[in-house]
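Me: Could you walk me through this one, please? I have the sequence and the model open, and I would like to begin with a strand.

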Amino acid sequence: MRESKSVDSAKPGYSPSVWRARSRDHATNTKGKVCGLSSGCKSKRTDLKACRSPEGCSIEGKEAMDGPLNVRRVLWSNLLINRLHMFLNAIAISAVFYYRATTLLPYRWRPVKRSVYPERLPEDEKLPPVDVFICTADPSKEPSLGVMNTVISAMSLDYPPDKLSVYLQDDGVLTCPEAYFSGGESAHEKFLGSSEFAADKKTVEKRYDEFQEAIEKNSVNAKGSVSRDHPPTVEVMTDENISDLKEMPLLVYVSREKRPGHPHHFKGGALNLRVSAVISNAPYFLVLDCDMYCDDPSSARQAMCFYLDPKISPEIAWVQFPQKFRDMSEHDIYDGRLNPIWREGQGLDGLRGPTIYGCNFFMTREAIYGLDRTQKDIDINQLKKSLGASNEFIKSINRSYKPQLPEDRKPSDALKKELQLLASCTYDNDTQWGEEASILPLGGLQIFYSCGGLYYKPSFALMCYGALVLDCLYAVAFYGLAIIPPVCLLYGIPLYPKVSDPMFIVFAFIFISSLLKHVQEVFSYGDSFRTALYEMRVWMMKSGACYFFAILNAILDRLGLLQANFSLTNKVVDDEQVRRHQLGIYDFQASPLILTPLCSLYVLNLAAFAIGIPKIFQKGDELLAQALLSFFGIIINYHLLDGMVLRSDSGRISLFVTMVSVALSATVLSCGYLLLLY
């Protein structure tokens, strides 16, 4: 046996531990007398004089049986906390592996870039018709002039006008005229260089100014015209001054019926394909937001380069064009060029195709119907259960259907009645289509997985696209890294290996390599290091605010405590905001609910870093990694400090938000004291 040198008195709350070992000399007999009052002692004696087992149990006489000399108790609180800690860490580690698999593999495994050759398309007479849907809801947030700019842009597509139909879905050259007339002379115009062209341009510009003035006069009381209780309206626009209507694309105004108590499914419901099916019934359609315009007039022809390719067209559900903002300044502080999304789209295109970004995409009617439109024998009674009671709409399912709109574009009374039915708010009631729309408003995912072929195994593809749905969960990791390391830094609790520890290289490699990969991707697009900085800021702002409230909103909606709602983005131009954007100055005239979490995290890291600096010198390199992590966040998000402290203009962060953020960060840092007790 080992000699015992010394035994220290136990500290409060602590107890000595016993190594439970068995001894061959442990005596037993057959009479079954048991002294085992300690959990480890199983020795037996006949005389009960003395039992000295290796476990440390000592009993002198029968009187010693009245109570144990030691007791072992399970520390249930510590047990539960430890096991919960291990369980959560296992989930976190699994999440890290999943994150690496879904970020390093899907978007970067097989990126592709597509090229098209519209000049190789067949002649115009053989091109298929195309419908264009433009959605608008509130003229107070979506100015009528901007909406009409988009309409004119769509009607100006380089596509046969007799095969182009534009539907303005009113819910609640740069071919955009405003951009065209505000921009300089293009290279194409310089090439034309004729006085006749210049005179025509002046005439069109003058007519557009008159049009703009009329729109602005009619939009004075736009806010009061928004209605959530109105009958359906479908009007085919005509112009008596045009002799040959085939020279002008078809323009249709659609305002679906809205009644209180009837769900309208927001933008998805506004895309009323039923109305267009009996008017033009184009096999392909383009979806635009009301503030979008077609930067390239040949976009429709480019899309046809895919749909008219017999090798790949059966597998294509939609063709997604990138969404970008015009009039971008050299300081793209809000990531308006959306390059990260486009890089992601190119990566997904190498797998099965990009997701729908909400607008700027061409889609087939087969994809949205989920039916084969080439079948000849259609059971109308069967389809009525799925698609509703309109016989005309069901007939339009077949590609050979001829729309009922006359050549003079004046609908007959029978067609008007059919259009009123198709635009009513009760048409989907008791139909399979209506039930699916009310249960799962994620039609895009359903369409995507029902159309197109797989290049890789389904499990891999599902993992890749599933990562997009879980993007908002970045908020969990973001808040963890923004709170736990700085709080532990403040109280001198190390979380990461020492700099001298070889394992520190692993942590440093993962962090630095991720940043360098992002910078490399930005450089590959011809952008500068400053763009990489702006993209990183936007990602942090989304994780700290948008993703956080998305998770909160989803949870409350699931619990029935908050009903999901759709709020339009305000598209009214503010000259002061535009000026700040051109100068690269952030505008913080946002909701305090959005700004408070970001500012609170910034103040927390700033305070922890400032107070924790002396502890770094006291404990050496144990806390250096945590200090560098906080310092990284402080530098990247310097614009928040600028908005809270240094600026005095109207776009600064309000004093109220600053004070609330200081109070919240102080509360979190104070709660960190509980870590010391633990």
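Me: Which residue is the bridge partner of Tyr167 in E6?

Reply: Keeping in mind that this is a predicted model, the partner of Tyr167 in strand E6 is Val252. Tyr167 belongs to strand E4, which covers residues 164-170, and five bridges join E4 to E6.

Me: Do E4 and E6 run parallel or antiparallel?

Reply: E4 and E6 run parallel, whereas strand E5, made up of residues 233-237, is antiparallel to E6 and is joined to it by five bridges. In that second pairing, Glu235 stands opposite Tyr253 of E6.

Me: And why is E6 described as largely enclosed?

Reply: Strand E6 spans residues 250-255, and five of its six residues are buried, so the rest of the structure largely encloses it.

Me: Switching to rings now, how many aromatic pairs are there?

Reply: The structure holds 15 aromatic pairs. One of them is formed by Tyr586 and Phe588, which are stacked, with 6.2 Å from centre to centre and 25° between the planes.

Me: Are Tyr586 and Phe588 buried or exposed?

Reply: Tyr586 is buried, and Phe588 is buried as well.

Me: Which rings are linked into a cluster?

Reply: Ring pairs link Tyr474, Phe478, Tyr479, Trp539, Phe548 and Phe549 into a cluster.

Me: What about charges, which residue lies over the face of Tyr117?

Reply: That residue is Arg120, at 4.0 Å from the centre of the Tyr117 ring. In another case, Arg343 has its charged end over the ring of Tyr525, 5.7 Å from the ring centre.

Me: Let's move to helices, then: how far does H20 reach?

Reply: Helix H20, residues 529-558, has 30 residues and reaches 42 Å from its first C-alpha to its last, which is close to the 44 Å expected at 1.5 Å a residue.

Me: Where is the kink in H20 centred?

Reply: The kink in H20 is centred on Lys542 and amounts to about 40°. After the helix comes Gly560, which has a positive phi, near 75°.

Me: Which residues does UniProt list for "transmembrane region"?

Reply: The UniProt record, an unreviewed entry, lists several spans under that name, including residues 499-517, 538-556 and 623-641. In the model, residues 499-517 are 79% helix and 0% strand, and their end C-alpha atoms lie 23 Å apart.

Me: And how much of 623-641 is helix?

Reply: Residues 623-641 are 89% helix and 0% strand, with 24 Å between the end C-alpha atoms.

Methods. Residues numbered from 1 in each chain as written. Predicted model: local features only at pLDDT ≥ 70, side-chain atom pairs only at ≥ 80, totals over all residues. Heavy atoms only, no water. Phe/Tyr/Trp six-rings, centres within 6.5 Å; stacked < 30°, edge-to-face > 60°. Buried < 20%, exposed > 50% of the residue type's maximum accessible area, 1.4 Å probe, protein only. Lys NZ or Arg CZ within 6 Å of the ring centre and 35° of its normal. Helix = DSSP H or I, 4+ residues; strand = E, 2+ residues; numbered from the N terminus. Pairing = 2+ DSSP bridges. UniProt positions renumbered as here; feature names shortened; annotations may be inferred. Expected span 1.5 Å × (residues − 1). Bend = angle between axes of the 7 residues up to and from the residue.
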